[in-house]
Amino acid sequence: MASPASQIRPMFLSRYGQPAKLVSPIQDQNLSVLEKSKQLAAWTAVDHHVKSEHRVIGIGSGSTVPYVVERIVQLGAEANQERVFIPTGFQSKQLIVSSGLNLGDVDEYPTIDVTLDGADEVDRELNCIKGGGACHLREKVLAEAANTFILVADYRKNVEYLGTNFTPGIPIEVVPFAYAKVLQNLHHILGSPKAELRMAVKKAGPVVTDNGNFVIDAPFDLEVMKKPYTIMAQIKMLTGVVEVGVFCNMAKAAYFGNEDGSVTIRWNDGRVEQVAAPSQ
Ligand SMILES: O=C(CO)[C@H](O)[C@H](O)COP(=O)(O)O
């Protein structure tokens, strides 16, 4: 499973191409307020939920998750040498490998100690939209496989109802040959007339997921989004749908980095905490 410590490449390169620095997020002058808030959430979540006894750790996708890995790398080669890290897609696989961490897959490790992942939006009950990066199928598998599933996000994602700030709609992974029929059903049966196939940037044609599928983004009225489980289940029943980017009753806690340098923690039992930035 694990490679010896000597084989672990200790070099986690930051976005600036330099080895990661031990600078508290709140003190890091190189980061914008938004980036700092992502880093604050990620570091605090790692500090609270990655326990010394954890051996199998799920790594999500998106722009917040690199800060999760940054903090894990800061735990040191010795702490990580007996651990295996499970990616939710190509991006997190690259992140794990380039950080010198041990790579595994969920088919080898179907039980994960803790998975940390980003979110496009999180409501008061910790339902969330995921799939802005088209990774939600693997993300949901890793969330389900985890004994503890933790969300990390910036302040923009902390909302009362899903669909408040994240307006492209619910990401839906579909098998390619069924996309037109699924679109038709979303338009005419489920009431999302603006649902559309997600098109690639810097590639002609649609986004193709890590699983070779297409993604449809389906926006719904707020009244529909107030019942996320219902709409998630209705979409999932459409033939050709592989997975829906609405996660219900999965997360134990959501960590939101705030503009003032604090972190808001929402727990699945309804508790809300506000904590200060982590020290180095
Ligand atoms: O669901 C995801 C990818 O499919 C991401 O976790 C989500 O898009 C959040 O990304 P970011 O941290 O960049 O805001």
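Which polar backbone atom is 3.2 Å from an oxygen atom of the ligand? In this predicted model, the atom in question belongs to Gly133, whose polar backbone atom is 3.2 Å from a ligand oxygen. Taken alone, the ligand exposes 380 Å², and the protein buries 91% of that area.

Two further polar contacts to ligand oxygen atoms were computed. A polar side-chain atom of Asp120 lies 2.6 Å from an oxygen atom of the ligand. At Gly118 the contact comes from the backbone, with an N or O atom 3.4 Å from a ligand oxygen. Asp120 thus takes part through its side chain, whereas Gly118 and Gly133 take part through backbone atoms.

The ligand is surrounded by 16 residues. The closest of these are Ser63, Thr64, Asp120, Gly131 and Lys157. Asp120 therefore appears both among the closest residues and as the source of a side-chain polar contact, given that a polar contact is a pair of N or O atoms within 3.5 Å. By residue class, the shell around the ligand divides into eight polar, five charged and three nonpolar residues. The space that the ligand takes is the largest pocket.

Backbone geometry was examined next. Most residues other than glycine have a negative phi. Leu126 is not a glycine, yet has a positive phi of about 70°. Leu126 lies in the loop that runs between strand S4 (121–122) and strand S5 (128–129). Its relative accessibility is 2%, and because buried means under 20%, Leu126 counts as buried.

A positive phi, of about 55°, is also found at Asn249, again not a glycine. Asn249 is placed in the loop between strand S11 (246–247) and strand S12 (253–257). The relative accessible area of Asn249 is 71%, so this residue is exposed, the cut-off being over 50%. Both residues are thus loop positions with a positive phi, but Leu126 is buried and Asn249 is exposed.

Within the strands, Ile172 was considered. Ile172 is part of strand S7, which covers residues 170–174. With a relative accessible area of 0%, Ile172 is buried. Ile172 and Ala134 are 38 residues apart in sequence, and their C-alpha atoms are 8.5 Å apart in space.

Note on methods
Residues numbered from 1 in each chain as written. Predicted model: local features only at pLDDT ≥ 70, side-chain atom pairs only at ≥ 80, totals over all residues. Heavy atoms only, no water. Near = heavy atom within 4 Å. Polar contact = N/O pair within 3.5 Å; in protein donor to acceptor, adjacent residues only side chain to side chain. Areas by Shrake-Rupley, 256 points an atom, 1.4 Å probe, with all protein chains shown as cover. 1 Å grid on protein atoms, 1.4 Å probe; cavity = no way out; pocket = protein on both sides within 12 Å on 5 of 7 lines; lining within 4 Å. Sits in = over half its atoms within 2 Å of the grid points. Nonpolar A, V, L, I, M, F, W, Y, C, P; charged D, E, K, R; others polar. Helix = DSSP H or I, 4+ residues; strand = E, 2+ residues; numbered from the N terminus. Buried < 20%, exposed > 50% of the residue type's maximum accessible area, 1.4 Å probe, protein only.
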